[in-house]
Structures are given as C-alpha cells and as structure tokens.
Amino acid sequence: GGAARNRRREDRDTRSSNNFRVKDYKESWRWREEQEDKYKLISDLRNPSLKPNELARSVAVLQQRRLLSKHSEYTLVIKVLGKLGLWREALGLLVDMERNGLRPNVISYNAVLKVLERSRQWKPAIALIDEMWEDGCTPDVITYSTAISACAKADHWAEALHLLADMERAGIKPDLIVYNAAISACAQGGQWERALQLLQYMPSQGLIPDVITYNAVINACARGGQW
C-alpha cells in the first residue's frame, strides 16, 4: 500500500512538472509572437509611404494589445498621432505610459507638446507645462519654445509672452528659437512695439537676430500699420 501511494505521488509530481514546462513554453512562445508583432507594427510606423488609415490601424493595435513598453516606442507613436492630427489621443498616451509603469520624461512631454503646437492647442500646451512642474519633470528650452509657438499659431501673443517670462523666472535661458517664436506671436497680434522690444533685448541675452527674427518684426510692424 505504501509503495503504491508513493508511486502515485511520484507520477502526479512528474505530470505536474511536465504541465509546468509546457505552460512555461507556451508563455515564452506567446511572448515571442507578441514581440515579433510589435516590431512589425513599429516598423510600419516608420514607413513614410504608409497611408494615414494604415498608420492609425497600427497605432490602434499597439494600444489595444498593450504592446508599448519603452519611452522611445511611446514617443514614436505620439509623433505619428501628431501627423494624424490626433492631439487628444497623444495626451492620452501620457496616461497610458503611467498605467504601464513608465514615468513620462521631458522627451515624452515635448513630443506631445509638438502635437499640440501643430494643432494650435495652446491651452492644453500651457496646462501640460504646469503638469510637468507638478510631476517633478523639469521643462527645457524646447518645451517652452514649442508652447510659445503654439500660442503664436493660435494668435495668443499675451500668453506667449507670459511663457517667456515664466521660463526666465525658472532659470531656463531662452534661445533664438524661443525669441523668434515670441516675436512671431507678437506679429500675429499686430503688437509691433512689443516685437521691437524683444528684438532690442536679444543682444543682452547674447543672441544675434537672424532672418526669421527680422521677418517677424517686419510682419509685426506691417500688421500694426507701422510702415
């Protein structure tokens, strides 16, 4: 009796061990298939000849199957969403990142800000900078130049100048791109005096105006009736 019980126990342990190995193999195979699918979809997103509906389909599959796992993968998808004009979906990916245990970094935020700029969504852009500070992610000069450009494209020169002042207070030194964006915002609003003030202030910041700067100032003067 005792010997028979021991044999049955050994047989059961053996079967259990075999089942575990089969299960482990299946999970490994499933993981490899998922990785192959992911790399295929990621490759599709980098294909410049892919049509918008095909890009959207690849993005949808990546999200539905929760295949994104790296900052670089999320950044790529955010850029694709920008091309498709899907700024709300781009914002949603920041939430998706956190849900998957990835903390958005400045590159992630800047990618979303670029999408907002293209869509002229200045309010979400400003709100996103506030969120960055709250989350302990320090904005950089690209962050502010992109948000200022979003304000310029949406004809909100006052908000653009507020952002310029905010970044200077935060100790982030504006570069030529930032000043050009701010002057362009003034030009859009016909604020020729403010555009000239920014132009005059640039040398004290160690910045040399370029063709874009002067064109923006001329545009501001023209819009303000200062020929």
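## A buried aspartate

Asp96 is buried: its relative accessible area is 11%, which falls under the 20% cut-off for that label. Keep in mind as you explore that this is a predicted model.

Where does Asp96 sit? Look in helix H4, which runs over residues 87-99. Leaving aside residues up to four places away in sequence, Asp96 touches Arg66 and Tyr74. Asp96 and Arg66 are 30 residues apart in sequence, while their C-alpha atoms are 9.2 Å apart in space.

## Repeats along the chain

The UniProt record, an unreviewed entry, carries the annotation "repeat: PPR" for residues 70-104, 105-139, 140-174 and 175-209. You can look at two of these stretches in the model. Residues 105-139 are 74% helix and 0% strand, with end C-alpha atoms 9 Å apart. For residues 175-209, the values are 66% helix and 0% strand, and the end C-alpha atoms are 10 Å apart.

## The largest pocket

Now let's turn to the empty space. Rolling a probe the size of a water molecule over the atoms shows where such space is left. The largest pocket holds about 230 Å³. Its lining is made up of 14 residues, and those nearest the centre are Glu117, Ser145, Ser149, Ile177 and Ala181. Three elements give two or more residues to this lining: helix H5 (106-118), helix H7 (141-153) and helix H9 (176-188).

Which helix gives the largest share of the lining? That is H7, with 6 residues. Sorted by class, the pocket lining has 5 nonpolar, 6 polar and 3 charged residues.

## A closer look at H7

H7 deserves a visit of its own. How far should its 13 residues span? At 1.5 Å a residue the expected span is 18 Å, and because the end C-alpha atoms are 18 Å apart, the model agrees with that expectation.

H7 is also mostly covered, with 10 of its 13 residues buried. Those buried residues are Thr143, Tyr144, Ser145, Thr146, Ala147, Ile148, Ser149, Ala150, Cys151 and Ala152. Two names here may look familiar: Ser145 and Ser149 are also among the residues nearest the centre of the largest pocket. An α-helix has 3.6 residues a turn, so residues three or four places apart point the same way.

What covers the buried residues of H7? The cover includes H5, helix H6 (122-134), helix H8 (157-169) and H9. Of these helices, H5 and H9 also give two or more residues to the pocket lining.

How values were computed:
Residues are numbered from 1 along each chain as its sequence is written. This is a predicted model: local features need pLDDT of at least 70, side-chain atom pairs count only at pLDDT 80 or more; totals for chains, interfaces and linings use all residues. Side-chain values use heavy atoms; hydrogens and water are left out. Helices (H or I, at least four residues) and strands (E, at least two) are DSSP runs, numbered from the N terminus. Buried means under 20% relative accessible area, exposed over 50%, partly exposed in between (1.4 Å probe, protein chains only). Contact means heavy atoms within 4.5 Å. UniProt positions are given in the numbering used here, feature names are shortened, and annotations may be inferred rather than shown by experiment. On a 1 Å grid over the protein atoms alone, a cavity is a set of points where a 1.4 Å probe fits but cannot get out, and a pocket is an open set with protein on both sides within 12 Å along at least five of seven lines; lining residues have an atom within 4 Å of a point. Grid points are joined across faces, edges and corners, and a volume is the space filled by probe spheres set on the points. Ala, Val, Leu, Ile, Met, Phe, Trp, Tyr, Cys and Pro count as nonpolar, Asp, Glu, Lys and Arg as charged, and the others, Gly among them, as polar. The expected span of a helix is 1.5 Å times one less than its number of residues.
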